[in-house]
Amino acid sequence: MAPETTQGETNHFRRIVYIWIALSVVADLLFWFLVGPHVPPGRMTSSAQGDQLDFNILFVIGLPVLIGVWEWLAYAAFNWNAKKKDAPESVGGPKAWGNKRTEVSWIIVTSVVVVCLACFGIVELVVLQGAGGGEGPNPIWYPHGAIQAETAALAGTGTWSPNSNDVLPVQVIAQQWKFTYRYPTFGGFESPELILPDDTSIAFNVTSLDVIHSFWAYQLEVKADANPLENNVAFTRTQQLGNFVVRCSELCGLWHGAMFNYGTVVSQAAFEKWATATEAANAANTKDLPPFAWTYVPDANGAAGGYYPDGNVTPYSPVEIYGAKQPS
Amino acid sequence: MTISAERPTEVNDMGDGPPDFIAQPKLRRHGLLGQHLGTAIIGGFLGYILGHWLGNYIASGYPYIANSGQNSIAVLLALALMVLGWLIGIGALNYPFAKMLGREAKGEVEYQGWTRYFRYNLDHKVVGIQYVVGVLVFFFTGGLLAMAIRTELLNPTVHVFSADTYIKIVSEHGTIMMMMASSVVVGPLGNYFVPLMIGARRMAFPRIEAFSFWIFSAGYLVIFSALFFGGFPTGWTGYAPLQTQAGPGMISYLFGFAIISIGMMAAGFNLAVTIINYRAPGMTWSRVPIFVWSIIATAALLTLASPVLLAAGLFGILDKTVQTAFYVTEHGGSSYLWENLFWFFGHPEVYIMALPGFGIVGEILPVFARKPLFAYRIAAAGMIGVALLSFFVWQHHLFQSGINPDMRPLFMLTTELISIPTGFIFLVGMGTLYKARIRYEVPMLFCMAVYFNFLIGGVSGVFLSDVPVNVTVHGGFFVLSHFHYTIMGGLIFAFFAGLYFWLPKMTGKKMNKKLGLWHFWTMFVFFNLTFFPMFIIGLLGQPRRVFTYAKNLQTLNDFSSISAFLLGASFLIFVANIMWSQFISPEKSPANPWDSLGLEWQTATPIPIYNFERIPVIMTDPYHYSEPGAPALADFGQATMAASASPPSSSTSADQ
């Protein structure tokens, strides 16, 4: 397998390597400049942009791997075909059993690539503050000011105003088969639509009232499973205006496929206007909601879409949608 | 060797001299008498009725499942007694019961003729054939469900099925395919060829081997029964609390996986013991064929990972029948418990579904490249490395689930590390093909397709293991495409390579090459056309297991669906090939049609019941292709096999 330069014989190995380098460089350049900037999910948030970079870098490393093996297979398939007239005999014996130099270099190269990739992934994860993925109830990577904002939100003392550069906590409540959003810094009102301010760090607090769902804000590059009685926190920072789609990406039963809605990133001023207006308009309803908490115990009768162990569907209770559980 | 004491004749397992059965064959032909598939069906049916009645009797009115009219205890007991009745009916319990009563067991005679394939047979070759049919039944059932899925996804707004039916089809498809894939190579080819490859006369525990097949087939009945109980809505992953919420079909899922895991443990344990203890003299670890290495690595995973699935399934059954709360968060359990138990089994399971494929490819490539396997030790090390690491990666399925966040870098690292030993398999393949003289027979084409497909599967796996990228691709069509590329593109292609390669040995009849080529090319092309677009569909934001999707993804979905139908049709060519070559117009195969040096090809065809007249003494490894003057593979003693069409010494060094 290693180059064995015998006079007059084609050095297949060298030829394969040259073709491989040429093809890889061309493919990588084409990908990086033509496809790379358009790779989903776009650049609407910091985590989306980071993911796009990550994806592109993985692809630029992955393409030569694909090309290398495929080229090798194709080269072998055409050149060392037993049907070819001048096909030389295979050579067995100790030289064909293995080659220490090749084996060792293969192991070293693959190990180095893999460890570098893992290190790069870890750096990206830390730099992007969890990269938009759910970090569970006790996140270890978060934007500056997130802990204060979250603590204040729970105490009901949180505020957010344009240009304050504060982190905005938003609660995502998943249930079969819809998402609702609560804004603790605006009196804890509940909204069926997700409106976010631009240029702001958002802390999504994702929980569920029944089964496991997954909050996937596609263009925001945020995904966090919604678990019952668990607060799953994910961070991102908005950086572009626009609409995005929210889908459930964990199978949650019958209407899983229909569990989606849309959200919008608006300017900070527009967001504040919308939030204060909705807070005022919903004030009467918000009073009837359980106090803001990270998680909520489903109604014992399963009114929030839970299960019905006695076989009877309990009528939906209009007042007590779900009982609140304060963190101990 | 008390285990063979009640066979028709005492068999000399150690092989000093011809075994007695050759001198005095007392093989029975029973026709339809005795215990066989028919009695198993009757037993299963009676067990079902009895269990259902018993459940309703002892627990009437207690835990009825909403809107189903079913009592969960009755469903569970019906399924449990159905499996028991099935096993009693086939005769699996005759031996243990007789022994418990202090009697000698009757009825475990070696049947001759076609009816032995429908009986509880202890011959590993019969069990192998039974497994071939069994996994194909699983595979085609799952395949038809896949066709239904792709039909529904032809249009985002016009629906063929209701949302309810659709999600149940998806769940049933996934579960059946996973159950099939965990046995698809180990069962048929592992059981059939491991003893032949290591020079053994039988498996270490023939009864456990037969048991593993019949419990596997009972698992099919159980999981299939879910459809009659209204299905289950959880997908093959069965996440709680959706599991707790689901109807009686969920019990079929939980109990079915429990049953299958028992079969997996039995098969894995038996294969591991056989490989460790039943190797012929001279079959050192450095001479063991690479397929056997892959099987022992798989056997270790089967034995160690399946108990976790069994435990997880039993917890779920308890939750559903007697109202425990293992997975019910608000009563002190945890939905994370199921996720962790399931994936602690589930990730080794993924390699249970990859390693045997690597083994087949490693076994077949040298035969058609006419070169020794390149870097044999690296190949074996790669398989063992994958098997070990596979226990340390399971949380990568839970990156976004809210697990402890500092687990994520760790599992990202371990997951990416596993691509190093996987890469060994590619080094071995590429090295073997280097300056080879490749003969393009059907099995070889399938092997090269495994490298093509598995590479896509493997590289996309690195994308999934990267946590930032995982945020987008987790739970979407990207991951769906990824694992179809590894399992179907890798394992199923390898399984067909193995079938085309070894069927001439198993049945003594050739497979038709022209139909084989048609099968290969249609399957290869349409497989890629079906699943490659799914990477793009996933990146564009389509989650898994949805019956409706964004309008702009319809073109890609339709392309994928139509390719999927053609992919489904390619298996009809395979069925036609089997029918034509094996039944309608059979042609006798040469003794060693591919000029392989493997030990399994050097027995007579049809293979005598105890494989080797004398246990061969292995002299070298089986990969001395294109090496004039290489030592003979094995010494078969002075007595050559009577009916052998391939004298063992002649094919070892002459390979052209």
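How many salt bridges does the rule find across the interface of chain B and chain A? Let's work through that and a few more exercises on this predicted model.

**Exercise 1: The salt bridge**

Work out the count across the interface, then name the partners and check them against the cut-off.

*Solution.* Start with the count: the rule finds 1 salt bridge between chain B and chain A. Next, look for the partners, which are the side chains of A:Glu89 and B:Arg437. Now check the distance. A salt bridge needs a side-chain nitrogen of Lys or Arg within 4 Å of a carboxyl oxygen of Asp or Glu. Here the N to O distance is 3.8 Å, so the pair passes the test.

**Exercise 2: The rest of the interface**

Describe how chain B and chain A meet, going from residue counts to area and then to polar contacts.

*Solution.* Begin with who touches whom: 94 residues of chain B are in contact with 96 residues of chain A. Then take the area. The two chains bury about 8000 Å² between them, and 67% of that is on carbon and sulfur atoms. On the chain B side, B:Met430, B:Tyr434 and B:Arg437 lose the most area to chain A, together 9% of what that side buries. You've already met B:Arg437 as a salt-bridge partner.

Now for polar contacts: 21 residue pairs make them across the interface. Which element of chain B gives the largest share of the side touching chain A? That's helix α16 (residues 419-433), with 9 residues. Sorted by class, this side of chain B has 56 nonpolar, 23 polar and 15 charged residues.

**Exercise 3: One residue, B:Met534**

Place B:Met534 in its helix, then decide: is B:Met534 buried or exposed?

*Solution.* First find the helix: B:Met534 sits in α20 of chain B, which covers residues 513-539. Then use the cut-off, where buried means under 20% relative accessible area. B:Met534 counts as buried because its relative accessibility is 2%.

Finally, see what surrounds it. Leaving out residues up to four places away in sequence, B:Met534 touches B:Arg150, B:Phe477, B:Phe478, B:Leu480, B:Ser481 and B:Ser560. As for B:His482, this residue is 52 residues from B:Met534 in sequence, with 8.9 Å between their C-alpha atoms.

**Exercise 4: Zoom out to chain B**

Sum up the whole of chain B in terms of elements, burial, contacts and surface.

*Solution.* Count the elements: 22 helices and 2 strands. Next comes burial, with 67% of the 656 residues of chain B counting as buried. For contacts with a separation of 6 or more, 81% come from residues 24 or more positions apart. Last, the accessible surface of chain B is about 21200 Å², and 70% of it belongs to carbon and sulfur atoms.

Terms used. Residues numbered from 1 in each chain as written. Chains lettered and ligands numbered in written order. Predicted model: local features only at pLDDT ≥ 70, side-chain atom pairs only at ≥ 80, totals over all residues. Heavy atoms only, no water. Helix = DSSP H or I, 4+ residues; strand = E, 2+ residues; numbered from the N terminus. Buried < 20%, exposed > 50% of the residue type's maximum accessible area, 1.4 Å probe, protein only. Contact = heavy atoms within 4.5 Å. Areas by Shrake-Rupley, 256 points an atom, 1.4 Å probe, with all protein chains shown as cover. Buried area = accessible area lost by both parts, 1.4 Å probe. Polar contact = N/O pair within 3.5 Å; in protein donor to acceptor, adjacent residues only side chain to side chain. Nonpolar A, V, L, I, M, F, W, Y, C, P; charged D, E, K, R; others polar.
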